Amino acid sequence: MDDALAFSALVLALSGQLVQEIHAGVSEQGFEDLRPAHGFAFVRISMGGATTAALAEHLGVTKQAAAQLVEELVRKGYVVRHPHPHDARARLLALTEAGWAATRAADQAAKAAVEPWREALGEARFSELVADLTRLTPPGPIRPAW
């Protein structure tokens, strides 16, 4: 197999496994009503300044799809809307305490999910892999400036 194709297939397989394991861990911690898409939304909302339009762009969906997702998260008690200080038509999104608790649960699940990878590679190689992936990851809301 071509290295580029192998790399693509391996990264996709690992990312799919990671999403599944984080979702399972979040569900086990009592957040059975959340789906992986909610977690991706929480990432953007947790950074502050998120509107439904910004969330749609972040998720790569239409504004209508993002609005439906936001409505669901508001209804479930994970997100609240606040008036936007500069745009009367827009609302700023914020996580509630339940939203932050789900985010903490996802963080714990993510750490647990990658622990076998850390053990398999060893601490030094795992740190090198994180550094390599950091160089490859585009800047943006998903990639904090470490």
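1. A quick definition to start: a residue is called buried when its relative accessible area is under 20%. Keep in mind that this is a predicted model. By that cut-off, 24% of the 146 residues in the protein chain count as buried.

2. For the overall layout, the protein chain has six helices and two strands. Going along the sequence, you'll meet them in the pattern α-α-α-α-β-β-α-α. The C-alpha atoms fit a box of roughly 50 × 30 × 30 Å along the principal axes. The accessible surface is about 9,400 Å², and carbon and sulfur atoms account for 61% of that.

3. Now have a look at helix α2, which spans residues 36-46. Its buried residues are His 38, Ala 41, Phe 42, Arg 44 and Ile 45. Viewed down the α2 axis, these fall within an arc of 165°, so they line one face of the helix.

4. What sits over those buried residues? The cover includes the helices α3 (52-59), α4 (63-75) and α5 (97-121), along with the strands β1 (79-83) and β2 (91-95).

5. The pairing of α2 with α4 is worth a closer look. Their axes come within 11 Å and cross at roughly 95°. Since angles of 65 to 115 degrees count as roughly perpendicular, that is how α2 lies to α4. In this contact there are five nonpolar residues, one polar and one charged. On the α2 side you'll find Ala 37, His 38, Ala 41 and Phe 42, which meet Leu 69, Glu 72 and Leu 73 of α4.

6. One last detail: just after α2, Gly 48 has a positive phi of about 85°.

Definitions and conventions. Residues numbered from 1 in each chain as written. Predicted model: local features only at pLDDT ≥ 70, side-chain atom pairs only at ≥ 80, totals over all residues. Heavy atoms only, no water. Buried < 20%, exposed > 50% of the residue type's maximum accessible area, 1.4 Å probe, protein only. Helix = DSSP H or I, 4+ residues; strand = E, 2+ residues; numbered from the N terminus. Arc of directions from axis to C-beta. Contact = heavy atoms within 4.5 Å. Axes fitted to C-alpha atoms, helices over the stretch in contact; angles between N-to-C directions. Parallel < 35°, antiparallel > 145°, perpendicular 65-115°, else oblique. Nonpolar A, V, L, I, M, F, W, Y, C, P; charged D, E, K, R; others polar. Areas by Shrake-Rupley, 256 points an atom, 1.4 Å probe, with all protein chains shown as cover.
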